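Subject: Handing over the structure

Dear colleague,

I am passing on the structure to you, together with some notes on what was found in it. Please open it first and keep it beside you as you read.

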Amino acid sequence: MKLLSPFYPWQTFNLLITDYGQSLTAPSLGWLLFLLKLPYLVFDLLGLWLIGRLVEGDKKLFQARILWLFNPVNLYATYMIAQFDIIIAVGLILALVLASRGKYYSSAIALGITAAFKPFPLLFLPFVALVGGKNLLHQAKIALVGLIVYLLVIGPFLPSIGFRNSALLASHTDKTLFAQIPISGAFAI
């Protein structure tokens, strides 16, 4: 925000927060939304570049990049409802690129940082450790590096009750650990 906020139409920004319906008629809303979503575009382009480090062959690379650029789920989640999952996706691709190059500690670090956004990337840490570790001790070191990085990133926020309730231990963060199909208000399969 420090970089882009001098360009914000602040009256529209405040209107967007306080009265969403009224903000829809503001002429500068499009510019504001573009500026608010511009950081996501940086991660989108970084993901596009990282895919180039992962896929071999011109035809496959072209297909992978087109799929990345025009993925409707990505376009909807990132640019229409402003979910930051694009950052997590790029972090996971970075971890995969690093692991494929034999940089397992760096891959664990990438997973630890990515898990600070949502904890599910920690589920990939054992796989990186298993593939990258020469023995049990080496595997444990790789996994420990990822966990330590994760704890260092979230450490300053742990004393905050708001962080623990709405980010770390909130019900929406554990959805990736179990699958449910809601049947009614209180029941799910």
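Which residue with a positive phi follows H6? That residue is Gly102, whose phi lies near 80°. Before going further, please bear in mind that this is a predicted model.

The chain as a whole

The protein chain contains 10 helices and 0 strands, so that its pattern along the sequence reads α-α-α-α-α-α-α-α-α-α. Taken along the principal axes, the C-alpha atoms fill a box of roughly 60 × 45 × 40 Å. Of the 189 residues in the chain, 32% are buried, and the accessible surface comes to about 12,500 Å², with 71% of that belonging to carbon and sulfur atoms. Among the contacts with a separation of 6 or more, 47% are between residues 24 or more positions apart.

Helix H3

Helix H3 covers residues 29-54, and because each of its 26 residues is counted at 1.5 Å, the helix should span 38 Å, which agrees with the 38 Å found between its end C-alpha atoms. There is nevertheless a kink of about 40° at Leu38, shortly before the proline Pro39. The buried residues of H3 include Leu29, Leu32, Leu35 and Tyr40, and also Lys37 and Asp44. What covers the buried residues of this helix includes helices H1, H2, H4, H5 and H6.

One residue of H1 lets you follow this in detail: Thr12 is placed in that helix, and it counts as buried because its relative accessibility is 7%, where buried means under 20%. Leaving aside residues up to four places away in sequence, Thr12 touches Ala26, Ser28, Leu29 and Leu32, and of these Leu29 and Leu32 are listed among the buried residues of H3.

Helix H6 and what follows

Helix H6 has 16 residues and reaches 22 Å from its first C-alpha to its last, close to the 22 Å expected. Its buried residues include Ile86, Ile87, Ile88, Val90 and Gly91, and what covers the buried residues of H6 includes H3, H4, H5 and H7. Gly102, which comes after this helix, is 29 residues from Val131 in sequence, while their C-alpha atoms are 9.3 Å apart in space. Val131 is found in helix H8, and with a relative accessible area of 60% it is exposed.

The salt bridge

A search of the whole structure finds 1 salt bridge. It joins Lys118 and Asp85, whose closest N and O atoms are 2.9 Å apart. Because Lys118 lies in the loop between helix H7 and helix H8 while Asp85 lies in helix H6, the pair ties together parts that are 33 residues apart in sequence. Both partners count as partly exposed, Lys118 at 25% relative accessibility and Asp85 at 33%.

A nonpolar patch

On the surface, Phe62, Ile66, Leu69, Phe70 and Leu75 form a nonpolar patch with about 470 Å² of accessible area together. The largest share of this patch, 3 residues, comes from H4. One of the patch residues, Leu69, is found in helix H4 and is partly exposed, with a relative accessible area of 31%.

With best wishes

Key
Residues numbered from 1 in each chain as written. Predicted model: local features only at pLDDT ≥ 70, side-chain atom pairs only at ≥ 80, totals over all residues. Heavy atoms only, no water. Helix = DSSP H or I, 4+ residues; strand = E, 2+ residues; numbered from the N terminus. Expected span 1.5 Å × (residues − 1). Bend = angle between axes of the 7 residues up to and from the residue. Buried < 20%, exposed > 50% of the residue type's maximum accessible area, 1.4 Å probe, protein only. Contact = heavy atoms within 4.5 Å. Salt bridge = Lys/Arg side-chain N within 4 Å of Asp/Glu carboxyl O. Patch = residues over 30% accessible without salt bridge, like charges linked within 9 Å, V, L, I, M, F, W, Y side chains within 5 Å. Areas by Shrake-Rupley, 256 points an atom, 1.4 Å probe, with all protein chains shown as cover.
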